[in-house]
Amino acid sequence: MVSRAALLYLSRQRSLKNFFIKFPGFSQVTHRFIAGENIDDAIRAILELNRQGITATFDHLGESTTSEAEAESDVREYLHVLERIEATGANSNISVKLTQLGLDIDREYCLKNTRRLVESAKRHDNFVRIDMEDSSKTDATLNIFKELYHEFGNVGIVLQAYLYRTEKDLDDVLAMGARVRLCKGAYQELETVAFPDKKDVDANFIKLMRKLLKSGIYHGIATHDERMIAATKDFARREGVSKEAFEFQMLYGVRRDLLLKLAREGYRVRAYVPYGEYWYPYFMRRLAERPANVWFVLRNLFKG
Ligand SMILES: Cc1cc2nc3c(=O)[nH]c(=O)nc-3n(C[C@H](O)[C@H](O)[C@H](O)COP(=O)(O)OP(=O)(O)OC[C@H]3O[C@@H](n4cnc5c(N)ncnc54)[C@H](O)[C@@H]3O)c2cc1C
């Protein structure tokens, strides 16, 4: 059985991408989780989701950028995405990773790049969500987020229930009045920083979800876990939190049935829609979340 840890290790081995793309069946397999290679593919996928009552967030795949040329190209892509959202009327915001915008190159450079996006989103009456990466980036990510939140307001953050520190971070962010996307956390972390047992992660997720729902601020509850979703619905009902006061979020290609069901029940729902050529680490993290997906991949790769 392939373990989560092994898949997360592989997700960090960039050179393997070149190995995988040699298989002709691979594009079919990645298309389960990735909307396509270019912006038109993503717009098409998002407009289709919108028709079904699902809003979206664009993710132009990229992370761990080490050159300014790459970071600049990503900034330009996102500026273009914001224009295309307005032009097409797509109901979508954008999600960005700070290492994609140069965090590993220089903090001030990354801040400048992220500011360009938040500023442009503000002009387009849109919103930027800053994804959370592994725990070595948490402080820097929160600092940049806080600075831009105070400057512009139209930016939100992601917090991960698997980190011990998150409850404190969540209290700080709530005190600012900012919007949070709560997720469990997708990276390989040490026991010194993150709960090693799934049941503790789940218990923390529920505890944090309750704080978010009671805050009166519009947050995103990002999970495919039916028990987390049921706990959220129950808590909202008990506390009189309306269905318009928060949203459920899921990843493109994972549990669309559940997203549609929630939309039909009157909940607000959003899909995270990744596109682009740099799919390898994102795709491997999706396999790590459900190692059974590896068999789905292998079957498709070798079937013909
Ligand atoms: C909108 C969104 C944004 C996210 N942003 C971030 C981020 O910024 N930083 C970060 O660290 N993580 C992020 N994540 C990932 C998150 O941290 C988890 O790794 C991921 O959502 C799996 O956790 P789960 O809550 O679905 O529960 P799990 O307990 O992992 O899964 C519950 C059930 O959901 C289904 N499922 C879950 N994942 C998959 C999959 N890949 N394929 C098929 N079925 C699956 C399975 O049926 C599984 O049994 C995001 C997730 C979502 C939904």
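This passage walks through a predicted model, beginning with its barrel and ending with the surroundings of its ligand.

At the centre of the description is a closed barrel of eight strands, which follow one another in the order β1-β2-β3-β4-β5-β6-β7-β8 with parallel pairing. Direction ignored, neighbouring strands of this sheet are turned against each other by 25° on average. A good place to start exploring is the pair formed by strand β1 (residues 55-60) and strand β2 (residues 92-96), which are joined in the parallel sense over four bridges. Within this pair, Phe-58 has Ile-94 of β2 standing opposite. Helices also come into the picture: α11 (residues 256-264) packs on the sheet, where it touches β7 and β8 (268-275). The direction of α11 makes about 150° with that of β8.

Further along the barrel, strand β5 (residues 180-183) runs parallel to β6, and two bridges join them. One residue to look for here is Arg-181, whose bridge partner in β6 is Gly-220. Strand β6 itself covers residues 219-222. His-219 and Ile-221 point one way from this strand, while Gly-220 and Ala-222 point the other way. On both sides, these residues are all buried.

Attention now turns to a pair of helices. Helix α5 (residues 68-88) and helix α6 (residues 107-123) have axes that come within 10 Å and cross at roughly 5°. Angles under 35 degrees count as roughly parallel, and α5 and α6 are therefore roughly parallel to each other. From α5, the residues Ala-71, Val-75, Tyr-78, Leu-79 and Leu-82 take part in the contact. They meet Asn-113, Arg-116, Leu-117, Ser-120 and Ala-121 of α6. Sorted by class, this contact of α5 with α6 comprises seven nonpolar residues, two polar ones and one charged one.

The last stop is the ligand, which is surrounded by 23 residues. The closest of these are Asp-131, Cys-183, Ala-186, Thr-223 and His-224. Several elements contribute to the shell: β4 (155-160), β7 (246-251) and α12 (280-289) each supply at least two residues. Strand β7 gives the most, with three residues; β7 is also one of the strands touched by α11. By class, the shell around the ligand divides into eleven nonpolar, six polar and six charged residues.

Methods:
Residues numbered from 1 in each chain as written. Predicted model: local features only at pLDDT ≥ 70, side-chain atom pairs only at ≥ 80, totals over all residues. Near = placed C-beta within 6 Å. Nonpolar A, V, L, I, M, F, W, Y, C, P; charged D, E, K, R; others polar. Axes fitted to C-alpha atoms, helices over the stretch in contact; angles between N-to-C directions. Parallel < 35°, antiparallel > 145°, perpendicular 65-115°, else oblique. Contact = placed C-beta atoms within 7 Å. Buried ≥ 20, exposed ≤ 12 C-beta atoms within 10 Å, placed from the backbone. Pairing = 2+ DSSP bridges.
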